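Me: Please take a close look at a single part of this structure and set it in the context of the rest of the chain. A connected account, residue by residue where that helps, would serve me best.

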Amino acid sequence: MRTFTNDRRVWRGGRRTGASSLLVLLVVVWLIIGAVAAGQRHYYDSAPSNCASAGTIAVTILAGPLNYFGVNPKIADCHVDVPQPSQ
């Protein structure tokens, strides 16, 4: 098995090892906890009716475990500048 280091990562047989694998695992667990928190707040009960409700779901998922420490992110107003078709 050939081992070499490149850019602070150690590659063994084409697989990541060590810190990068741990980081990926932590990010996935963080997002899963955020998705569970959004479900507990019943954000998935109906389809997002506007940009603000979709944004609230997204920032709740991104906040992850912080939701359980009192963070309650909400998007109150959302402006999306969509180009209008020419006439």
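Reply: The part chosen here is helix H2 together with its two ends, and the end where the helix gives way to glycine 64 is a suitable place to begin: glycine 64 follows H2 and has a positive phi, near 55°. The model is a predicted one, and every value below is computed from it.

Glycine 64 belongs to the segment after H2. Its relative accessible area is 0%, so it counts as buried, the limit being under 20%. Leaving aside residues up to four places away in sequence, glycine 64 touches Trp30, Ile33 and Gly34. Helix H1 spans residues 19-40, and the contacts of glycine 64 can be set beside two C-alpha distances to residues further back in the chain. Valine 27 is 37 residues away from glycine 64 in sequence, yet the two C-alpha atoms lie 9.4 Å apart. For valine 28, which is 36 residues from glycine 64 along the chain, the C-alpha separation is 10.0 Å. Valine 28 is part of helix H1, and it counts as partly exposed because its relative accessibility is 41%.

The helix itself comes next. H2 runs over residues 51-63. It contains 13 residues and extends 18 Å from its first C-alpha to its last, which is close to the 18 Å expected at 1.5 Å a residue. Its N-terminal end is capped by asparagine 50, with a side-chain oxygen 3.2 Å from the backbone nitrogen of alanine 52. Alanine 52 is also one of the buried residues of H2, together with Gly55, Thr56, Ile57, Thr60 and Ala63. These buried residues pack against H1.

Threonine 56, within H2, deserves separate attention. Its relative accessibility is 9%, and it therefore counts as buried. Apart from residues up to four places away in sequence, threonine 56 touches Tyr43, Pro73, Lys74 and Ile75. With one of these, proline 73, the C-alpha distance is 6.6 Å across 17 residues of sequence. A further comparison across the chain concerns alanine 52, at the capped end: histidine 79 is 27 residues from it in sequence, and their C-alpha atoms are 8.7 Å apart. Histidine 79 is located in the segment after H2. It counts as exposed because its relative accessible area is 67%.

Before the helix, another backbone feature calls for comment. Histidine 42 lies in the loop between H1 and H2. Its phi is near 65°, a positive value in a residue other than glycine. Most residues other than glycine have a negative phi. Histidine 42 has a relative accessible area of 53% and so counts as exposed. Thus a positive phi occurs both at histidine 42, in the loop that leads from H1, and at glycine 64, which follows H2.

The segment after H2 also takes part in the surface of the model. Leucine 66 lies in that segment; at 38% relative accessibility it counts as partly exposed, because that value falls between the limits of 20% and 50%. It belongs to a nonpolar surface patch formed by Leu23, Val27, Trp30, Leu31, Leu62, Leu66, Phe69 and Val71, with about 770 Å² of accessible area together. H1 gives the most to this patch, with four residues. Two members of the patch have already appeared above: Trp30 is touched by glycine 64, and valine 27 was one end of the 9.4 Å separation.

Finally, the wider chain. It has two helices and three strands, which run β-β-β-α-α from the N terminus on. Of its 87 residues, 17% count as buried. The chain exposes about 7,000 Å², and carbon and sulfur atoms supply 61% of that area. Among contacts between residues at least 6 apart in sequence, 43% join residues at least 24 apart.

Note on methods:
Residues are numbered from 1 along each chain as its sequence is written. This is a predicted model: local features need pLDDT of at least 70, side-chain atom pairs count only at pLDDT 80 or more; totals for chains, interfaces and linings use all residues. Side-chain values use heavy atoms; hydrogens and water are left out. Patches are made of residues with over 30% relative accessible area and no salt bridge: like charges are joined within 9 Å, nonpolar side chains (Val, Leu, Ile, Met, Phe, Trp, Tyr) within 5 Å. Accessible areas come from the Shrake-Rupley method with a 1.4 Å probe; for residues, only the protein chains shown count as cover. A salt bridge is a side-chain nitrogen of Lys or Arg within 4 Å of a carboxyl oxygen of Asp or Glu. Buried means under 20% relative accessible area, exposed over 50%, partly exposed in between (1.4 Å probe, protein chains only). Contact means heavy atoms within 4.5 Å. The expected span of a helix is 1.5 Å times one less than its number of residues. A polar contact is a pair of N or O atoms within 3.5 Å; within protein, one must be able to donate a hydrogen and the other to accept it, and residues adjacent in sequence count only if both atoms are side-chain atoms.
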